[in-house]
Amino acid sequence: MTLPSLLDIFLVILLIIPGFIAFMLFKKLGIREKRISDFETTVWSIFLSLFIYVFFSYITGISDIDSIRDNIFMPNNMLLITGLAILVGVIGGFSARWLFRKGIMAGTCWDACFRSAAQVGTYILIYTTDGKEYKGELWLAGLSESPKEIVIRKPKVILRDSNWRIIDEIEMGSVILFNEKNISRVVFLKDIA
């Protein structure tokens with residue numbers, strides 16, 4: 001038994017890439033944010049690549065795997081395969097979004113709230129894990145995979161009595177950063193919907 005050549009390995013990878021492109025587009029456009037294992041991604045990529053190569057074979061008339069291997073590096077064929085991969089991913093993603101994901105936005109509630117708040121410009125109250133309350137103008141917030149940090153301008157610490165009436169607001173410099181370990185709750189002082 002002989003080991004596969006470097007060219008054979010490269011061709012196998014090249015044959016899987018169209019399915020991978022289609023799968024990533026499908027996930028992004030179809031708002032499928034669940035983490036998928038590498039094995040599942042590989043299986044879906046292979047399945048979608050086979051689907052793409054069926055259309056490629058129908059369009060070009062190249063029907064066996066040896067002919068595909070011999071003709072895959074032709075520029076027209078590369079463009080056709082790439083176009084088919086994009087088409088399958090876009091149609092699949094938008095179809096999944098339209099049929100199954102109506103009204104669902106990409107990202108977390110944190111992302112949606114802070115994107116909306118950034119558009120309208122708002123003041124927020126931040127309750128920290130140590131029981132303090134801060135008020136300030138929202139300036140920056142971490143979204144997606146970034147740490148859930150918040151930066152506010154014109155920060156003030158709010159002191160309240162036992163009946164939750166404001167006793168005093170003490171200025172705390174010009175800008176303050178809260179990391180996700182410090183934040184307990186956030187209150188938006190302007191409608192962000």
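This briefing walks through a few helix, surface and salt-bridge features of the structure above. The model is predicted. Two of its helices, α1 and α2, pack with their axes 7 Å apart, and a search of the whole structure turns up six salt bridges. Along the way we will also stop at a few single residues, including S45, which is buried, and F73, which is partly exposed.

**How α1 and α2 meet**

- Two packed helices are described by the angle between their axes and the distance between the axes.
- Helix α1 covers residues 6-29, and helix α2 covers residues 38-60.
- The angle between this pair is about 105°, and the axes lie 7 Å apart.
- Angles of 65 to 115 degrees count as roughly perpendicular, so α1 and α2 are roughly perpendicular to each other.
- On the α1 side, the contact is made by L14, L15, I16, I17, P18, G19, F20, A22, F23 and M24.
- On the α2 side, the partners are T41, W44, S45, I46, L48, S49, I52 and Y53.

**A buried serine in α2**

- S45 is a good residue to look at next, and it lies in helix α2.
- Its relative accessible area is 1%, and because buried means under 20%, S45 counts as buried.
- Leaving aside neighbours within four places in sequence, S45 touches I16, G19 and F20.
- I16, G19 and F20 also appear among the α1 residues that make the contact with α2.

**A nonpolar patch on the surface**

- I9, I13, I17, I21 and I86 together make a nonpolar surface patch of about 390 Å².
- Helix α1 supplies the largest share of this patch, with four residues.
- One of the patch residues, I21, is found in helix α1, and I21 is partly exposed at a relative accessible area of 30%.
- I17 is worth a second glance: I17 belongs to the patch and is also listed in the contact between α1 and α2.

**F73, in a loop**

- F73 sits in the loop between α3 (65-71) and α4 (75-100).
- With 44% relative accessibility, F73 is partly exposed.
- Apart from neighbours within four places in sequence, F73 is in contact with F10, L11, L14 and M78.
- For a sense of distance, the C-alpha atoms of F73 and E145 are separated by 37 Å, and these two residues are 72 apart along the chain.

**Salt bridges**

- Side chains of opposite charge can pair when their charged atoms come close.
- K135 and E169 form one such salt bridge, with their closest N and O atoms 3.2 Å apart.
- This pair links distant parts of the chain, 34 residues apart: K135 is in strand β2 (residues 133-141) and E169 is in strand β4 (residues 166-171).
- E169 also forms a salt bridge with K156, where the closest N and O atoms are 3.8 Å apart.
- Here too, distant parts of the chain are linked: K156 belongs to strand β3 (residues 150-160), 13 residues from E169 in strand β4.
- K135 is partly exposed at 22%, E169 is partly exposed at 27%, and K156 is partly exposed at 26%.
- Another salt bridge joins the side chains of D161 and R165, at 3.4 Å from N to O.
- D161 is partly exposed, with 25% relative accessibility, whereas R165 is exposed, with a relative accessible area of 52%.
- Salt bridges that share partners join K135, K156 and E169 into one network.

How values were computed
Residues are numbered from 1 along each chain as its sequence is written. This is a predicted model: local features need pLDDT of at least 70, side-chain atom pairs count only at pLDDT 80 or more; totals for chains, interfaces and linings use all residues. Side-chain values use heavy atoms; hydrogens and water are left out. Patches are made of residues with over 30% relative accessible area and no salt bridge: like charges are joined within 9 Å, nonpolar side chains (Val, Leu, Ile, Met, Phe, Trp, Tyr) within 5 Å. Accessible areas come from the Shrake-Rupley method with a 1.4 Å probe; for residues, only the protein chains shown count as cover. A salt bridge is a side-chain nitrogen of Lys or Arg within 4 Å of a carboxyl oxygen of Asp or Glu. Buried means under 20% relative accessible area, exposed over 50%, partly exposed in between (1.4 Å probe, protein chains only). Axes are lines fitted to C-alpha atoms, for helices over the stretch in contact, and angles run from 0 to 180 degrees between N-to-C directions. Angles under 35 degrees count as roughly parallel, over 145 as roughly antiparallel, 65 to 115 as roughly perpendicular and the rest as oblique. Contact means heavy atoms within 4.5 Å.
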